[in-house]
Amino acid sequence: MKKIFCLYVCLNFSTLYCYASTSSDEKQFPNPGQIYLPGKDTGFAQYAAKSLRGTKKIVLTFDDGPDLVTTPLLLNILKLHKVTATFFVLTEKINDQTYPIIKRMISEGHNVASHHHDHVSNDSKPEAVFRAGLVQSISTTARILEFENSSAREIYYRFPYGAYGSKTRNYHHLNVMKSVSNDLFGENCINFAFWDIDTVDWLPEMSPQDIKANVLANIFGGTGFDFKRNSNGSYSKVKKVINKPLGGGVVLMHDVHKRTVDSIDLLLNELKQRQVEIVSLQSVDEYSYNGLECRLISPNP
Ligand SMILES: [Zn+2]
């Protein structure tokens, strides 16, 4: 596998060579040959799923669940349409009541991924607090995948608010991520994910029709939606004409909102008519594991 070859090269020659050998199809992992700098190595345009552009292929991702009411409703709709998604869950929400929902996600072919343990911005946390939450969330997610015999073994992670690498901190989250991954897996196994198409479904004034229109506008062009911050600190939706659509990408949604769940049947019907394919995160070049299987060094707590 390319990654093992890379590690061999790293150990025997130079990290510089390793950097070059991993820079294309493994770039959503923290780079093994790089020490990330707070305030400098940040942003996420560089982590777009460029391989999906113009392909009429999208990945559905849902954050912030599981929710006892809305998530099962969403799973019902996805099942009817025979479509799978990636769920970036908050592991603090996993308990005896919600565990059957997680189990169901896995048995119905969805990815269960980490959206951290809590939803506090990591940029506001001291290093030890970020590290502890990351260890807790990643190890919980990986143990569940092992325990439920998930066929998907990839360890995906999404920063709450997409926030990382702020200059207000004296550490960089991606350096910690590499260290945590090495402790848990003995490998650089945590594959972080941003998004290409933001549905802005978190805005209460977005209707199910607006959410659908936003996805379609980002694929085909037309009128979509963005958000603006008002002087009183609240947020409003604003119309946005998209003349140069991406034509495909990773779609950000939230399974904790009824309006989002209500948009999915409308959206999937239209996407089918317009021959848009829903693909898995691991089928996308930028998110591929290239055959690498990540196993916890200590699977039991
Ligand atoms: Zn979130």
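Which residues of α8 are buried? Keep that in mind while you load the model, which is predicted.

Start by selecting helix α8, residues 258-273. The helix α8 has 16 residues and reaches 24 Å from its first C-alpha to its last, close to the 22 Å expected at 1.5 Å a residue. Centre the view on Ile-264, where α8 has a kink of about 30 degrees.

Now colour Thr-260, Val-261, Ser-263, Ile-264, Leu-267, Leu-268 and Leu-271: these are the buried residues of α8. An α-helix has 3.6 residues a turn, so residues three or four places apart point the same way. Show α3, α7 (208-220) and β9 (249-254) as well, since the buried residues of α8 pack against these three elements.

Next, add helix α3, residues 70-80. The axes of α3 and α8 come within 10 Å and cross at roughly 5 degrees; the two helices are therefore roughly parallel to each other. On the α3 side, select Thr-70, Leu-73, Leu-74 and Ile-77, which meet Lys-258, Val-261, Ile-264 and Asp-265 in α8. The residues of this contact divide into 5 nonpolar, 1 polar and 2 charged.

Move past the end of α8 to Gln-275, which follows the helix and has a positive phi, near 60 degrees.

Last stop: select Cys-294, in the segment after β10 (277-278). Is Cys-294 buried or exposed? Cys-294 counts as buried because it has 20 C-beta neighbours inside 10 Å. Leaving aside residues up to four places away in sequence, Cys-294 touches Arg-153, Ile-155, Phe-185, Glu-187 and Cys-189. Draw the C-alpha to C-alpha distance from Cys-294 to Arg-153: the two are 6.6 Å apart in space and 141 residues apart in sequence.

Note on methods: Residues numbered from 1 in each chain as written. Predicted model: local features only at pLDDT ≥ 70, side-chain atom pairs only at ≥ 80, totals over all residues. Helix = DSSP H or I, 4+ residues; strand = E, 2+ residues; numbered from the N terminus. Buried ≥ 20, exposed ≤ 12 C-beta atoms within 10 Å, placed from the backbone. Contact = placed C-beta atoms within 7 Å. Axes fitted to C-alpha atoms, helices over the stretch in contact; angles between N-to-C directions. Parallel < 35°, antiparallel > 145°, perpendicular 65-115°, else oblique. Nonpolar A, V, L, I, M, F, W, Y, C, P; charged D, E, K, R; others polar. Expected span 1.5 Å × (residues − 1). Bend = angle between axes of the 7 residues up to and from the residue.
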